[in-house]
Amino acid sequence: MSTTELLRREWTAFRRPGRLTALAAAALTVIALGLLYAFGDQSSCPGPCPAAPVASDGATVSDRFWFLHRDLGREGSITVRMTAMTGTITYPPPNHDQIVSGLVPWAKAGIIIKDGVRPGSQYAALMMTGGHGVRFQHDYRHDVSGDAGKVSAESPRWLRLTRSDDTITGFESADGKQWRTVATAKLDRLPDTVQVGLFATSPGDRTLRKVGLGGAIEEVRFTQAVGVFDNVAVEGGATGGWASDPVGEMNHTDWEKHHNASGAVEKDGIITVSGTGDIGPLGEEGARSVEKTLSGLTVALIIVLIVAARYGAGGVRKAASGRVIAARAVVVGATTFVTGLVAVGVVFPLSIAILKGNGIPVQPVPVLTGTRVILGVPAVLALCAVLAYGLGVWLRRSGATIVVGLSLVALPYAVTAVPLLPDTVSEWLLRLTPTAGFAVKQTMQEYPQVTAHYVPSAGYFPLPWWAGLAVLCAYTVIVMRMALGRNRAADIDWR
């Protein structure tokens, strides 16, 4: 019998109404729960929410800070001496009045050259941070470290940015005489006139609250950073006077209204700038991760594993050859792949469109990443089905196969998708179990300069997608070899 005829025969045997109905239910579950999530996520703004800033490369970003600025031409520089950096942290409800002094590690204050004051426009900045010393950052994703340490009146920091056409260079000095280059950036197509000046910003302070059996969820506290500057000098092509403006919304929260509003103050040559927000990639608190639209995968995975496990345990005959078992594995995998492709191919783009229609910012997904998710998730489901089928052939008992399959694949996936277990336990489960394969659906990217909870319950996998897929493939190959080996041994005994 040819391979084509064998596959056709096994497909005919597999396509019983019960199995096809179960797989259809798996696909519909993924679609229904994804759409339910998308329709239920409504904007909390009284009117249309302001659109999240979009950088020149199309990425959604954070761009909110206080800006004391003036014009700068195609050649020029700004030099300042920074003598202090302080901040405040406010506790979440019900302790709004509990305010403590302190700086979060990525609080920022310094000097910046920016293409206007539109959020999302190009920039290069040299700054002091709350816990990472001097940094040179540009265009939201790029970060270069300078000298470590803090700033004080006894140990001031001199900062300088120069512009030469589209090239911005940052320098630092301890005394204003000996200068060291921190980094250089090229910002394409800068206009003849840009804005240069002083800024301050501070992202929310994230703390972890224990839940479940040791898991953790984030709580965010409002923070503000304050930078103190003197010896401010702008040279070369600067025109006009100083303007003081927020980039992005500021001074709208109850804390800012009733305590310290952000802004810039000049007195006797000393300039104090205070601000809140961040300049960098947008975190989960500002835009939804598209992986949340695939919340129905847990149920679909359970259904797929049960169908494949029962088919493997119930369809083995002593006389079945390895070729027949392999053909059945192909049928199980292919059918599951099509099921997953229909489900993910429908819910993924449709849910994103619904979220955007509801005014919800969504993390952008590059074309290649979206293709990887739409094709990769069905492939992982198919591999899990083949794994369960192989377990069924090997164990030859439906009940035992279902228990083993669910414990090995579905249970780790379910418990790591929520903040139930300690983060380290969840991470090791996603390294060592077949569930590692679901790293193909990850779209979240980790940035060192962004404080976030990069853990499985937030959609972040410890392995890159290709490594996770390799782990799942290894499990599947090993189990299928065990199944074929046992079947050959049983066939010899039968003979």
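## Rings, charges and cysteines

R431 lies over the face of W428, 4.6 Å from the ring centre. Welcome to this structure, which is a predicted model. A good way in is through its aromatic rings, as the structure holds 8 aromatic pairs. Its cysteines are worth a look too: the count of disulfides comes to 0.

**Charges over rings**
- Besides R431 over W428, you can find R160 over the face of W179, at 4.0 Å from the ring centre.

**Aromatic pairs**
- A pair of aromatic rings is described by the distance of the centres and the angle of the planes.
- Among the 8 aromatic pairs is the one formed by Y123 and Y140, with ring centres 4.8 Å apart.
- The planes of Y123 and Y140 stand at 70°, so this pair is edge-to-face.
- Y123 belongs to strand 5 (residues 123-129), while Y140 sits in the loop between strand 6 (134-138) and strand 7 (142-145), so the pair ties together parts that are 17 residues apart in sequence.
- Y123 is buried, with a relative accessible area of 1%, and Y140 is buried as well, at 3%.
- Elsewhere, ring pairs link W11, F14, Y311 and Y389 into a cluster.

**Cysteines**
- A disulfide is a covalent bond between the sulfur atoms of two cysteines.
- The structure has 0 disulfides, and for C384 the nearest cysteine sulfur is that of C473, 10 Å away.
- C473 is likewise in no disulfide, its nearest cysteine sulfur being that of C384.
- C384 is buried, with a relative accessible area of 0%, whereas C473 is partly exposed, at 32%.

Technical notes
Residues are numbered from 1 along each chain as its sequence is written. This is a predicted model: local features need pLDDT of at least 70, side-chain atom pairs count only at pLDDT 80 or more; totals for chains, interfaces and linings use all residues. Side-chain values use heavy atoms; hydrogens and water are left out. A disulfide is a pair of cysteine sulfur atoms within 2.5 Å. Buried means under 20% relative accessible area, exposed over 50%, partly exposed in between (1.4 Å probe, protein chains only). Rings of Phe, Tyr and Trp (its six-membered ring) pair if their centres lie within 6.5 Å; planes under 30 degrees apart count as stacked, over 60 as edge-to-face and the rest as tilted. Helices (H or I, at least four residues) and strands (E, at least two) are DSSP runs, numbered from the N terminus. A charge sits over a ring if NZ of Lys or CZ of Arg is within 6 Å of the ring centre and within 35 degrees of the ring normal.
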